[in-house]
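Me: I have a structure open and want to learn to read its features. Can we take them one at a time?

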Amino acid sequence: MTLPDLQVRPAFASPIISTHLPDAAPLNAALRQLFTARAAEGDRWRKKQKTPSLQVNIFESEFDLFQWPEEPVRRLRDFCGQMLSYSVTQLNQYTPAEAAGLKIQWDCWFHITRFGGYIAAHTHPMASWSGVYCVTPGEDVPERRDSGVLRFPDARPQMNMYLDAGNARLREPYNPASINYKLAPGQLLLFPSYLSHETAPFFGRDERITVAFNCRILPGDA
């Protein structure tokens with residue numbers, strides 16, 4: 001018997017985009033120096049309003065980072081803007097004229113995570129796209145392979161309601177599992193702001209430094 005072809009549709013997919021800044025080391029060194037100096041000043045640069053998501057042993061700056069005039073910050077903003085605009089254009093199939101008129105409104109900040117630090121799962125409801133740029137992932141801890149990983153829990157809450165031999169070994173993207181990223185220096189992740197995400201506890205003896213942002217993207221006539 002000849003079996004019919006199967007039409008399998010990967011339903012309800014969410015894009016997570018990964019890219020890297022070429023030759024990122026000099027920029028990351030400048031960003032690390034700037035951020036650690038600002039964090040050392042304490043409350044002057046720390047976010048005043050408490051973040052709703054649970055954070056432990058993390059310095060979080062105010063959300064105006066991409067308004068800072070320092071050259072390293074401007075260079076990072078330009079890179080993130082280029083990658084975001086290109087991704088949005090491709091995924092929405094905008095024409096060149098439509099893409100040229102897009103306007104990005106940013107909320108952007110930096111995190112310095114120290115030993116034991118983590119961020120509980122959360123979303124960003126007042127944005128369409130979010131991103132995380134890695135300045136330094138911190139010390140690698142071989143015995144704690146998930147140290148400091150950026151984790152996206154499975155967005156389908158009923159996936160594990162019943163497991164048997166029929167679904168226990170589903171291949172990607174159908175298997176019930178979180179998606180984890182062990183970030184590398186210069187790596188940028190872009191993802192829809194509705195996706196829940198968290199930072200696993202960091203067990204390095206140094207610092208994990210990242211830049212995060214949320215975006216609202218307006219058409220050219222807005």
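Reply: Start with how elements are named. Helices and strands are DSSP runs, at least four residues for a helix and at least two for a strand, numbered from the N terminus. Keep in mind that this is a predicted model.

Me: Where is Gly101 found?

Reply: Gly101 lies in the loop between α3 (96–100) and β3.

Me: Is Gly101 buried or exposed?

Reply: Neither label fits. Buried means under 20% relative accessible area, and exposed means over 50%. Gly101 has 21%, so it is partly exposed.

Me: Which residues does Gly101 touch, leaving out those up to four places away in sequence?

Reply: Leu218, Pro219 and Gly220. Sequence and space are separate questions, though. Gly101 and Asn160 are 59 residues apart in sequence, and their C-alpha atoms are 43 Å apart in space.

Me: Now the rings. How is a pair of aromatic rings described?

Reply: By the distance of the centres and the angle of the planes. A search of the whole structure gives 13 aromatic pairs. One of them is Phe59 with Phe110, at 5.6 Å centre to centre and 20° between the planes.

Me: What is that arrangement of Phe59 and Phe110 called?

Reply: Stacked. Planes under 30 degrees apart earn that word. The pair also links distant parts of the chain. Phe59 is in strand β2 (residues 55–60), Phe110 is in strand β3 (residues 103–122), and they are 51 residues apart.

Me: Are Phe59 and Phe110 buried or exposed?

Reply: Phe59 is at 2% relative accessibility, so it counts as buried. Phe110 is buried too, with a relative accessible area of 0%.

Me: What about Phe66 and Phe213?

Reply: They form a tilted pair, 6.2 Å centre to centre with 35° between the planes. Phe66 sits in the loop between β2 and α2 (71–92), and Phe213 sits in strand β9 (residues 208–218), so the pair ties together parts that are 147 residues apart in sequence. Phe66 is buried at 6% relative accessible area. Phe213 is buried at 1%.

Me: Which residues form one aromatic cluster?

Reply: Phe35, Trp45, Phe59, Trp68 and Phe110. You have already met Phe59 and Phe110 as a stacked pair.

Me: Which charged ends sit over a ring?

Reply: Look at Arg38. Its charged end sits over the ring of Trp45, 4.1 Å from the ring centre. Trp45 is also a member of the cluster. Then look at Lys47. Its charged end sits over the ring of Phe63, 4.8 Å from the centre.

How values were computed. Residues numbered from 1 in each chain as written. Predicted model: local features only at pLDDT ≥ 70, side-chain atom pairs only at ≥ 80, totals over all residues. Heavy atoms only, no water. Phe/Tyr/Trp six-rings, centres within 6.5 Å; stacked < 30°, edge-to-face > 60°. Buried < 20%, exposed > 50% of the residue type's maximum accessible area, 1.4 Å probe, protein only. Lys NZ or Arg CZ within 6 Å of the ring centre and 35° of its normal. Contact = heavy atoms within 4.5 Å.
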